[in-house]
Amino acid sequence: MFRVVSSPHTHSSNLTANIMLWVILMMLPALGVQLYYFGFGVLIQIVIAIALAIAIEVGIAKLRKKTTAFYLADMSGILTALILAMSIPPYAPYWIIIIGVIAALLLAKHSYGGLGQNIFNPAMVGYALLLVSFPVQMTSWIVPIELLNEPPTFSDAISLIFSGVTSDGFSLHQLVNSVDGIAQATPLDSMKSSLAKSGFDAVMNTPIFNGLFATGWLQLNIAFLLGGLVLIYKRIIHWQIPVSMLAAFIVLSGITELVTDQAYLHFVSHLFSGAMMFGAFFIATDPVSASITPRGKLIFGALVGVLLYVIRYYGNYPDAIAFSVLLANICVPLIDHYTQPRLYGTKLDRK
């Protein structure tokens, strides 16, 4: 006689680990692009983040009297660390990634009981906390290294992250100071702050922009897009969330451009700037904190796209992926409640 329990039914850690491994593998092309355009800093941040994530997962397992592999086998902690490390500026101080990983795993994951119990995306909780608490460090992005007179070496990257200066004594600000018209921020930050002052044409003629697209950020978003399409093809993620998210953003931003004379970054540029494709395929699709019903996924994705539009166009955080996903996470229980599929032969009661 088998014991019957109510849903949701848990799956084996091997299946979870397989899913996490596929997501990690599909992030590697984007990691290669990030290394090529922004230097070795991201690699150092990843090493710090994953090492700390493993230490935290082992420590939690000991505290809860579980086997060491209990929290490591599903690889969710490693994936969270990887997402967070690739989200922050490559040459941010080492303590930034340490605080972010601790917040993501302890505050947003294990305080709720571990994988499957958290209501918020752990990596985005860590990122949002860092962005609100340390805005200067979190907006200190280096320009593509091909624009620099002296690109930082691997030893320079280590020195910048742990001491704030290169081995020759140059700060990050001094490294990028030679590139005219570029602030130590993402193209979205620079565009939002500069449009009102200099006008659209003047901003688009800065060295980092090539037509409608920013060098490095275009290639990075394409890499995330291709990796995401593979995940959909392999049925690791479902198409509803990324498609509805991008569609909602395109529709709203397209309407805005048609009905207003105010200067905004073209919606096509928005699609391949910042963390748009990263967010659509690798962040919003988190299987725990996102909606789980087919219709719910469409609603959840569209809600992320609407929030993304509102914050990017009218808010103070030009990228907005983290805040959009976290706000949409709050609505997931309600969305799932009202989008439950009706079982054959039953009447669905949503009271």
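Trainee: Which residues in α5 meet α6 in this predicted model?
Mentor: The α6 side of the contact consists of Pro 122, Ala 123, Val 125, Gly 126, Leu 129 and Leu 130. Facing them from α5 are Ile 96, Ile 99, Gly 100, Ala 103, Ala 104 and Leu 107.

Trainee: How many nonpolar residues does the contact of α5 with α6 have?
Mentor: Sort the residues by class. No charged residues take part, and two are polar. Gly counts as polar. The nonpolar residues number ten.

Trainee: Is α5 parallel or oblique to α6?
Mentor: Helix α5 spans residues 94-107 and helix α6 residues 122-133. Their axes lie 8 Å apart, at an angle of about 135°. Roughly antiparallel would need over 145 degrees. So α5 is oblique to α6.

Trainee: What kind of aromatic pair do Tyr 36 and Tyr 37 form?
Mentor: Their ring centres are 4.9 Å apart, and their planes stand at 80°. Planes over 60 degrees apart meet the rule. So the pair is edge-to-face.

Trainee: Is Tyr 36 buried or exposed?
Mentor: Its neighbour in the pair, Tyr 37, has a relative accessible area of 13% and is buried. Tyr 36 has 56% relative accessibility. The cut-off is over 50%, so Tyr 36 counts as exposed.

Trainee: How far apart along the chain are Phe 249 and Tyr 313?
Mentor: The rings form a tilted pair, with centres 6.2 Å apart and planes at 55°. Phe 249 sits in helix α13, Tyr 313 in helix α16. The pair links distant parts of the chain, and the separation is 64 residues.

Conventions:
Residues numbered from 1 in each chain as written. Predicted model: local features only at pLDDT ≥ 70, side-chain atom pairs only at ≥ 80, totals over all residues. Heavy atoms only, no water. Axes fitted to C-alpha atoms, helices over the stretch in contact; angles between N-to-C directions. Helix = DSSP H or I, 4+ residues; strand = E, 2+ residues; numbered from the N terminus. Parallel < 35°, antiparallel > 145°, perpendicular 65-115°, else oblique. Contact = heavy atoms within 4.5 Å. Phe/Tyr/Trp six-rings, centres within 6.5 Å; stacked < 30°, edge-to-face > 60°. Buried < 20%, exposed > 50% of the residue type's maximum accessible area, 1.4 Å probe, protein only.
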